[in-house]
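This report introduces a protein structure to a reader who has not met it before. Please look over the sequence and the model before reading on.

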Amino acid sequence: MPHDTVIRPVQPGDLDALINLIADHAAYERATVDRAHLRSALPKHIFGDAARALILVADRAGDMIGYLSAAREFSTWNAADYLHMDCLYLAPSCRGDGIGGLLMKAAARYAADHDLGWMEWQTPDWNTGAIRFYERLGAVAKSKFRFSVAVKDLSTGEPEPACLDIA
């Protein structure tokens, strides 16, 4: 692992480089992102007292070469909070240098410091390199599907549930 790589929290001056890495990550996973939306919406979630997300970056001699994003979540089955890792991405030229492990260890330290008992995440089933990396860390895969639906698509239409009173 190169000795000049530093793992640190993202800073406001990192925003453009972070968005570039996020876009590269999305492209790697066969998706796209709206850079303009990220530029306007992301800061309120990652900076300041109301920040919801943890973003750690890998900085090598002033160049941002990777990032990890995560947030505190709650498990009903365990009645406990845990750290959900949303993204871990390294520039292709920096993979295999031990930097992914450093990012994961920094996230684990954050979780331990905040009384979060474990970390969870997902990766595409075709990303065999990531799967091997996570298994080498001692992570165990869970056999589940990940679903998503737009709230507006699910919350509108008939019939209205008779017992729904959550306002």
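The sections below go from the whole chain to the sheet, and then to two single residues.

## The chain as a whole

The model shown here is predicted. Its protein chain has 167 residues, of which 35% count as buried. Taken along the principal axes, the C-alpha atoms fill a box of roughly 60 × 35 × 35 Å. The chain exposes about 11300 Å², and carbon and sulfur atoms supply 54% of that area.

The secondary structure comes to 5 helices and 5 strands. Read from the N terminus on, the elements follow the pattern β-α-α-β-β-β-α-β-α-α. Among the contacts with a separation of 6 or more, 58% are between residues 24 or more positions apart.

## The sheet and its edges

The 5 strands form an open sheet with mixed pairing, in the order 1-2-3-4-5. Strand 1 and strand 5 each have a single partner strand and stand at the edges, so one side of each has no neighbour in the sheet.

At one edge, strand 1 (residues 5-9) runs antiparallel to strand 2 (residues 54-60), and 5 bridges join the two. Within this pair, isoleucine 7 stands opposite alanine 58 in strand 2. Helix 1 packs on the sheet, where it touches strand 2, strand 3 and strand 4. The direction of helix 1 makes about 75° with that of strand 3.

## Strand 4 and its partners

Strand 4 covers residues 80-90 and is mostly covered, with 8 of its 11 residues buried. On one side, strand 4 is joined by 10 bridges to strand 3 (residues 63-75), and these two run antiparallel. Tyrosine 67 stands opposite tyrosine 89 in strand 4. The two strands form a hairpin with 4 residues between them. In the turn, alanine 79 has a positive phi of about 45°.

Strand 4 also pairs with strand 5 (residues 119-120); here 2 bridges join the strands, which run parallel. Leucine 83 stands opposite methionine 119 in strand 5. Together with helix 3 (residues 99-113), strand 4 and strand 5 make a right-handed β-α-β unit.

## Histidine 25 in helix 1

Is histidine 25 buried or exposed? Its relative accessible area is 7%, and buried means under 20%, so histidine 25 counts as buried.

Histidine 25 belongs to helix 1, which spans residues 15-28. Apart from neighbours within four places in sequence, histidine 25 is in contact with Tyr67, Cys87, Leu88 and Tyr89. Two of these names, Tyr67 and Tyr89, have already appeared as the residues that stand opposite each other where strand 3 meets strand 4. Helix 1 touches both of those strands.

## Arginine 8 in strand 1

Arginine 8 lies in strand 1, at an edge of the sheet. Which residues does arginine 8 contact, leaving aside neighbours within four places in sequence? They are Asp14, Ile55, Leu56, Val57 and Asp59.

With aspartate 14, the link is a polar contact: the side chains of arginine 8 and aspartate 14 are joined at 2.6 Å. As for the others, strand 2 takes in residues 54-60, and the contacts of arginine 8 include Ile55 and Asp59.

Technical notes: Residues numbered from 1 in each chain as written. Predicted model: local features only at pLDDT ≥ 70, side-chain atom pairs only at ≥ 80, totals over all residues. Heavy atoms only, no water. Buried < 20%, exposed > 50% of the residue type's maximum accessible area, 1.4 Å probe, protein only. Contact = heavy atoms within 4.5 Å. Polar contact = N/O pair within 3.5 Å; in protein donor to acceptor, adjacent residues only side chain to side chain. Pairing = 2+ DSSP bridges. Right-handed = clockwise from strand over helix to strand, strands pointing away. Areas by Shrake-Rupley, 256 points an atom, 1.4 Å probe, with all protein chains shown as cover. Axes fitted to C-alpha atoms, helices over the stretch in contact; angles between N-to-C directions.
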